[in-house]
Amino acid sequence: MDRYIAFNEDLEIEGSTPIPEGLARVVMKKHIPFYMDLANRTAGLSVAKRRRVGAVIVTEQRSLFLGYNGMPSGMNNVCELPDGSTNPLVIHAEANALDKMAREGVHVEGSVCFTTTYPCPDCAKRLCAAGVKYVIYQERYHTHLAQEIFDHYGVGVFEYKQLDLRG
Ligand SMILES: [Zn+2]
């Protein structure tokens with residue numbers, strides 16, 4: 001959990017983990033804040049009350065696929081049950097992005113996933129099995145159980161940090 005990519009304005013700062021070649025081939029370093037911003041804007045499309053999550057998957061061909069957490073298409077788009085808990089039918093952001101890729105027959109192998117929240121174990125399994133090679137997340141999650149899966153598949157996971165060095 002100690003690997004991170006940190007930016008001040010749009011420059012990578014000293015001390016952040018070196019960006020591996022496989023990641024740099026898909027996303028230019030200076031584009032990383034843009035993709036994370038896009039993931040945050042995508043999260044804003046969710047109507048979930050508890051947590052809004054956005055994911056952007058960038059393929060090796062630099063195609064973008066967006067997903068946010070929500071009910072299956074066409075169903076009543078209320079993400080919470082009457083007791084306030086999350087409806088288990090809600091599809092997570094990363095899963096929605098992967099499903100779009102599957103429907104369009106897109107080659108996922110080697111892709112990079114930007115997600116506003118650290119993936120849950122189910123999404124981690126799907127991302128790994130589909131061939132995503134790097135995950136960049138912004139917010140930590142209550143469980144980082146997925147790390148075992150990412151490590152098993154050799155998927156590089158980085159926390160994204162925006163540092164305010166002026167303060
Ligand atoms: Zn998930």
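Select Ile57 and show its neighbours. Leaving out residues up to four places away in sequence, isoleucine 57 touches Phe65, Ala97, Met101, Ser111, Cys113 and Val132. The model is predicted, so keep the confidence colouring at hand.

Next, widen the selection to the nonpolar core. Ile57 is among the residues with the most contacts inside the largest nonpolar core, together with Ala55, Cys113, Phe114, Val135 and Ile136. This core has 36 residues. Which helix gives the most to this core? Helix α2, residues 32–43, does so with five residues.

Now select α2 alone. The helix has twelve residues, and the distance from its first C-alpha to its last is 17 Å, close to the 16 Å expected at 1.5 Å a residue. Colour Ile32, Tyr35, Met36, Ala39, Thr42 and Ala43, which are buried. Turn the view to look down the axis of α2: the buried residues fall within an arc of 115°, so they line one face of the helix.

What do the buried residues of α2 pack against? Add the strands to the display: the partners are β1 (4–8), β3, β4, β5 (112–117), β6 (134–139) and β7 (156–162).

Move to the loop between β3 (54–58) and β4 (64–68), and select Arg62, which is placed there. Is arginine 62 buried or exposed? Arginine 62 counts as exposed because it has 11 C-beta neighbours inside 10 Å, and the cut-off for exposed is 12 or fewer. Check the backbone torsion as well: arginine 62 is not a glycine, yet its phi is positive, about 70°. Most residues other than glycine have a negative phi.

Finally, clear the selection and show the whole chain as a cartoon. There are five helices and seven strands. Traced along the sequence, they follow the pattern β-β-α-α-β-β-α-β-α-β-α-β. The C-alpha trace spans about 50 × 40 × 25 Å along its principal axes. The radius of gyration is 16 Å, which agrees with the value near 15 Å for a compact globule of 167 residues.

Two further views cover the chain as a whole. Colour by burial: 34% of the 167 residues count as buried. Then draw a contact map: among contacts with a separation of 6 or more, 51% come from residues 24 or more positions apart.

Key:
Residues numbered from 1 in each chain as written. Predicted model: local features only at pLDDT ≥ 70, side-chain atom pairs only at ≥ 80, totals over all residues. Helix = DSSP H or I, 4+ residues; strand = E, 2+ residues; numbered from the N terminus. Rg over C-alpha atoms; globule rule 2.2 N^0.38 Å. Buried ≥ 20, exposed ≤ 12 C-beta atoms within 10 Å, placed from the backbone. Contact = placed C-beta atoms within 7 Å. Core = buried A, V, L, I, M, F, W, Y, C linked by C-beta atoms within 7 Å. Expected span 1.5 Å × (residues − 1). Arc of directions from axis to C-beta.
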